[in-house]
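Work through the exercises below with the sequence and the 3D structure at hand. Try each task before reading its solution.

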Amino acid sequence: MPTQANYAAVDGLHTFPRLLFHHARVRPNAPAMREKYLGIWQTWTWADVADRVRALACGLASLGFKRGDNLAIIGDNRPHLYMMMSAAQCLGGVPVPLYQDAVANEMLFVLQDAGIRFVVVEDQEQVDKMLEVSDQVGTLEHIIYDDPRGMRHYNQPFLHDIHELMEMGRIHDRNHSDFLTAEVEQGHYDDVSVMLYTSGTTGKPKGVCQTHAAFIAAAQGGVQVDKLGADGDILSYLPMAWVGDHLFSYAQALVAGFTINCPESGETVMSDLREIGPTCYFAPPRVFESLLTSVMIRMEDAGKIKQKMFHHFMAVAKRCGADILDGKSVGLGDRVQYWLGNLLIYGPLRNVLGMSRIKVAYTAGAAIGPELFRFYRSMGINLKQFYGQTETCAYVCLQPDGQIKFDSVGQPAPGVEIKIADNGEVLVKGPMLLKEYYKRPDATAESINADGYFMTGDAGFLDEDGHLKIIDRAKDVGKLSNGAMFAPNYIENKLKFFQHIKEVVCFGHDRDMVTAFVNIDVGAVGNWAERRGISYAGYTDLASKPQVLELIRECVEQINADLVHDSMVADSQIHRFLVLHKELDPDDDELTRTRKVRRNFVAEKYKVLIDALYEGKANQYIETEVKFEDGRRGKVAADLKIVDAKTFPIVKKAA
Amino acid sequence: MSKKIGDVILDLQNISLRFGGVKALTDISFDVRQHEIRAIIGPNGAGKSSMLNVINGVYHPQEGKIFWHGNERKRMEPHMAAQQNIARTFQNIALFKGMSVLDNIMTGRITKMKANFIEHALWFGRARKEELEHRKKVEEVIDFLEIQHIRKTPVGRLPYGLQKRVELGRALAAEPSMLLLDEPMAGMNVEEKQDMCRFILDVNDQFGTTIVLIEHDMGVVMDISDRVVVLDYGKKIGDGVPDEVKNNEDVIKAYLGAGH
């Protein structure tokens with residue numbers, strides 16, 4: 001693909017091994033990797049890493065690893081495992097990282113599918129898994145392990161300590177000193193650099209083959225947008241098999257030349273984070289949430305004066321912090337207050353969180369609540385969202401500095417083209433697209449259309465500033481009877497960010513308006529009711545209180561006011577809703593075990609309520625059978641009041 | 001298992017211990033071989049802990065002889081046991097609750113420190129170099145026991161199972177040739193017991209440490225011990241490999257209380 005070459009051919013550094021040896025030449029004494037070992041951070045410089053990679057690659061070669069072979073990599077983030085990735089790539093092989101917490105049988109499919117002959121693992125635990133399935137895999141020839149602990153009594157000839165492999169490699173290198181250089185020279189940007197298996201929630205996992213050019217392009221784009229330099233530090237703690245870790249800890253680290261830091265163990269990540277103070281940090285939303293919760297809980301134990309100060313300056317930050325970070329104009333008074341707050345509160349708080357040096361923090365993987373997102377940004381932490389799939393090197397959209405919207409995933413990244421299909425599906429094209437699914441030409445053909453666009457399966461739209469908003473899985477998106485798009489998940493997620501609302505089910509496909517069932521959060525609303533002296537007897541009673549309905553109506557109207565600004569979803573304002581008399585429950589088959597709404601089942605079960613919503617009735621009597629946790633059955637009956645919510649006129653923008 | 005059980009290193013002959021008129025131990029003889037895991041079991045009040053305290057030099061038996069590496073041992077104090085590379089843990093955890101895990105384990109190195117009090121207080125001269133060396137050793141123990149995440153946590157804030165592990169860590173920090181464990185698994189849940197078993201086996205296997213342990217959980221004892229000695233009312237009623245002991249009628253009687 002010519003576009004790929006354009007991106008990758010900078011200075012002839014168009015494969016990862018070339019990049020590695022380039023850094024070893026240019027900045028031999030700069031730190032490339034750190035790992036905390038026996039309580040002390042150990043550092044490998046780029047020269048050290050290159051030297052070890054060279055030894056490991058030659059070692060692999062002397063064991064018979066050849067161009068085109070796949071190397072399975074299983075374990076926590078360890079410097080040696082990252083080095084093995086490079087070693088395999090030096091020889092024209094393909095590293096295949098696997099999720100380390102999977103049981104042996106789950107690994108079996110990937111090991112078979114990729115025809116694995118060589119596997120490098122972290123420790124005894126993973127060695128045992130490999131021994132368990134080695135007969136079934138059939139092709140397995142050599143197992144290399146990093147940590148020798150507990151391996152004393154394993155004497156199978158196909159087991160190798162990684163240091164032993166390095167020693168073999170050094171001997172090989174002495175005898176054939178031109179070998180490795182020649183192998184690296186043979187590497188081409190269009191070769192597959194890594195194979196990442198998709199999680200396979202639907203059907204069998206598929207191996208996504210990504211070329212050197214694709215990942216280098218993705219990494220360069222990211223480095224350029226967020227200005228990541230060689231002086232950066234990143235904490236590498238997410239699974240190596242996940243595309244995000246491969247992008248940040250491998251591709252970007254090699255492109256930009258910054259340092260990756262491997263935590264001591266999974267349980268020490270938080271304290272390691274504080275010690276390293278990374279400049280770039282990734283975490284899923286729930287990690288940011290639990291960090292915030294722990295801060296708030298500790299704040300409650302603080303003294304009166306500190307609490308007062310904290311709340312005062314947090315209010316200041318809420319008012320102007322995000323704007324200051326975005327470089328917007330803020331009044332002098334607020335600026336002075338924020339400066340003072342930074343000195344007294346935000347700075348120390350960032351330090352406690354290990355985020356003093358953060359230039360950019362990313363989150364992705366799930367929707368992040370706007371409050372949470374704003375909290376971090378207002379404190380001066382440049383938290384951003386991004387969007388991408390395994391098939392696109394996790395590189396489709398980025399949020400450029402100064403243009404952060406919490407409900408969008410940002411603008412198309414450099415080199416990426418985005419097109420919205422007629423059904424709302426997001427199509428992407430660019431240098432970062434997958435080469436193919438491993439041995440699955442059928443799946444490859446299905447996922448890339450005739451024009452060369454990859455079909456993401458997500459529905460979304462571009463807003464007036466060209467920011468992409470992801471609204472739903474494409475298959476869940478319907479249409480209102482006037483033809484406007486209806487994305488139930490998008491609206492539901494917006495409502496669920498209110499603490500009083502636990503679950504929402506929206507209806508509207510083939511209808512003239514959108515309506516909703518709401519489940520209140522009995523904890524939050526109960527608390528709210530208590531403070532107002534509203535007495536209630538249980539969920540059903542609480543849910544039917546007029547004050548509660550009023551509370552929920554305010555939430556719905558707030559969302560309506562919000563929706564009207566987006567021309568794509570303005571028609572999806574919620575006109576009528578009701579608060580259900582019982583909580584949706586997996587025991588009653590209304591939710592899946594992972595607590596996702598079974599939309600069609602709910603629609604059928606509560607058909608009478610849906611009819612009432614659309615027939616304009618003011619209330620509807622319903623009786624529902626419920627299963628209790630002990631297996632008994634009972635009935636819940638209620639006369640539900642249907643509430644009309646205010647909708648807002650759609651302002652059509654002059655085109 | 002490739003481990004080699006060596007010669008007798010501790011030989012107890014006809015030990016009797018009395019507290020006033022109460023006979024805690026009566027005429028007990030058994031030996032401990034190098035590199036083995038030797039269990040002492042018995043019902044409550046059988047004299048197990050007393051036995052351990054005799055080995056450790058806390059109690060001094062009125063009768064009997066103790067041979068340590070072939071030499072008869074004269075009256076011994078506990079700190080001498082420590083100098084002879086015998087370390088122990090306690091039935092009820094005896095850690096410094098307000099100190100961090102790291103500091104607690106560091107105390108296990110005290111007998112190995114040579115610098116004097118002044119040097120330590122001012123952290124100069126030998127003390128500085130020494131502390132770094134000891135810290136390294138302590139970190140190895142922390143790594144071995146997989147407690148990196150609580151390195152800086154005060155011991156008092158830890159759950160019971162972890163405290164037990166820290167106590168084992170302190171004992172290990174002394175690099176003992178013999179380790180005495182007084183009910184290392186008491187009060188633990190199944191998972192914690194499994195972990196502890198693995199650590200005991202690993203210590204024995206990797207460092208070749210001889211282990212004498214007291215334990216109530218018969219399943220655990222029978223699984224991990226090389227030989228077992230059974231006490232009841234201060235008397236030895238059984239001694240041998242686990243299978244032998246399991247089928248010993250006196251032992252069955254003592255445990256099931258049948259046939260009296």
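The exercises that follow go from whole chains to single elements.

This is a predicted model, in which local features need pLDDT of at least 70 and side-chain atom pairs count only at pLDDT 80 or more, while totals for chains, interfaces and linings use all residues. Residues are numbered from 1 along each chain as its sequence is written, and chains are lettered from A and ligands numbered from 1 in the order in which they are written.

**Exercise 1. Describe the build of chain B.**

Step 1. Chain B has ten helices and ten strands; helices (H or I, at least four residues) and strands (E, at least two) are DSSP runs, numbered from the N terminus.

Step 2. Chain B has a radius of gyration of 19 Å, close to the 18 Å that the globule rule gives for 260 residues, so chain B is as compact as a globular protein of that length. The radius is taken over C-alpha atoms, and the rule is 2.2 Å times the number of residues to the power 0.38.

Step 3. Of the 260 residues in chain B, 35% are buried. A residue is buried if 20 or more other C-beta atoms lie within 10 Å of its own, exposed if 12 or fewer, and partly exposed in between, with C-beta atoms placed from the backbone.

**Exercise 2. Describe the build of chain A.**

Step 1. Chain A contains 22 helices and 29 strands.

Step 2. A compact globule of 655 residues would have a radius of gyration near 26 Å, and the 28 Å of chain A agrees with this. Along the principal axes, the C-alpha atoms of chain A fill a box of roughly 90 × 60 × 55 Å.

Step 3. Buried residues account for 46% of the 655 residues in chain A.

**Exercise 3. Place strand β3 of chain B (residues 37-41) in its surroundings.**

Step 1. Five of the five residues of β3(B) are buried, so the strand is largely enclosed by the rest of the structure.

Step 2. In a regular strand the side chains alternate between the two faces of the sheet. From β3(B), I37(B), A39(B) and I41(B) point one way, and R38(B) and I40(B) point the other way.

Step 3. β3(B) pairs in the parallel sense with strand β8 (residues 210-214) of chain B over four bridges; strands pair if DSSP finds at least two bridges between them. Here R38(B) stands opposite V212(B).

Step 4. Strand β9 (residues 227-232) of chain B also pairs with β3(B) in the parallel sense, over four bridges. The bridge partner of I40(B) in β9(B) is V229(B).

**Exercise 4. Follow helix α13 of chain A (residues 304-326).**

Step 1. The 23 residues of α13(A) reach 32 Å from first C-alpha to last, close to the expected 33 Å; the expected span is 1.5 Å times one less than the number of residues.

Step 2. At C320(A), α13(A) bends by about 50 degrees. This bend is the angle between axes fitted to the seven residues ending there and the seven starting there.

Step 3. The buried residues of α13(A), among them F313(A) and L325(A), pack against α14 (332-352) and α15 (370-378) of chain A.

Step 4. After α13(A) comes G327(A), with a positive phi near 75 degrees.

**Exercise 5. Which residues does A443(A) contact, leaving aside its neighbours within four places in sequence?**

Step 1. A443(A) lies in helix α16 (residues 441-447) of chain A.

Step 2. A443(A) has 17 C-beta neighbours inside 10 Å and therefore counts as partly exposed.

Step 3. The contacts sought are K206(A) and Y437(A); two residues are in contact if their C-beta atoms, placed from the backbone, lie within 7 Å.
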